Amino acid sequence: MNLEDELELEHLLFVDRRCRKCLVTKNLIADFYKTRKDRGNFPSAYAYECKECTKKRVQVGRRNKKTLKLSHYPDW
């Protein structure tokens, strides 16, 4: 049973995926986050957005959240 896990991991190491944001092909394990810890080591367990694009998206979202204030809302 342990041998099967190693073979699956070995095949997974050579898988590349194209980021849907920046459209660059990158290594699946090194450059993509897992969607959930319990998904295993299948290629479907990894996100379709690379780590760099995810970091940029989160930073922009947090920046926009800080600049949005209650004074910007209309007074109903």
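This briefing walks through a predicted protein model, from its overall layout down to single residues. Because the model is predicted, local features need pLDDT of at least 70 and side-chain atom pairs count only at pLDDT 80 or more, while totals for chains, interfaces and linings use all residues. Residues are numbered from 1 along each chain as its sequence is written, and side-chain values use heavy atoms, with hydrogens and water left out.

**Overall layout**

- The chain has three helices and four strands; here helices (H or I, at least four residues) and strands (E, at least two) are DSSP runs, numbered from the N terminus.
- If you read along the sequence, you meet these elements in the pattern α-β-β-α-β-β-α.
- The chain has 76 residues, and 16% of them are buried; buried means under 20% relative accessible area, exposed means over 50%, and partly exposed is in between (1.4 Å probe, protein chains only).
- The accessible surface adds up to about 6700 Å², with 55% of that belonging to carbon and sulfur atoms; such areas come from the Shrake-Rupley method with a 1.4 Å probe, and for residues only the protein chains shown count as cover.
- Take the contacts (heavy atoms within 4.5 Å) with a separation of 6 or more: 32% of them are between residues 24 or more positions apart.

**Salt bridges**

- Side chains of opposite charge can pair when their charged atoms come close.
- How many salt bridges does the structure hold? There are two, where a salt bridge is a side-chain nitrogen of Lys or Arg within 4 Å of a carboxyl oxygen of Asp or Glu.
- One of them joins the side chains of Glu52 and Lys26, at 2.9 Å from N to O.
- Glu52 sits in helix 3 (residues 51–67) and Lys26 in strand 2 (residues 25–27), so this pair ties together parts that are 26 residues apart in sequence.
- Glu52 is partly exposed at 38% relative accessible area, whereas its partner Lys26 counts as buried at 16%.
- Arg57 and Glu49 also meet through their side chains in a salt bridge, at 3.1 Å from N to O.
- Arg57 is partly exposed, with a relative accessible area of 46%, but Glu49 counts as buried at 13%.

**The nonpolar core and Cys50**

- Which residues make up the largest nonpolar core? Its seven members are Cys19, Leu28, Phe32, Ala45, Tyr46, Cys50 and Cys53; a nonpolar core is a set of buried Ala, Val, Leu, Ile, Met, Phe, Trp, Tyr and Cys residues joined through side-chain atoms within 4.5 Å.
- Cys50 belongs to strand 4 (residues 46–50) and is buried, with a relative accessible area of 0%.
- Setting aside neighbours within four places in sequence, Cys50 is in contact with Cys19, Cys22, Lys26, Asp31 and Phe32.
- Lys21 is 29 residues away from Cys50 along the chain, yet their C-alpha atoms are separated by 7.9 Å.
- Ala45, another core member, is in contact with Tyr33, Lys34, Thr35, Arg36, Arg39 and Gly40, again leaving aside neighbours within four places in sequence.

**Two more residues to look up**

- Thr54 has its place in helix 3, and at 13% relative accessibility it counts as buried.
- Not counting residues up to four places away in sequence, Thr54 touches Tyr33 and Glu49.
- Leu23 is not a glycine, but it has a positive phi of about 60°.
- You'll find Leu23 in the loop between strand 1 (16–18) and strand 2.
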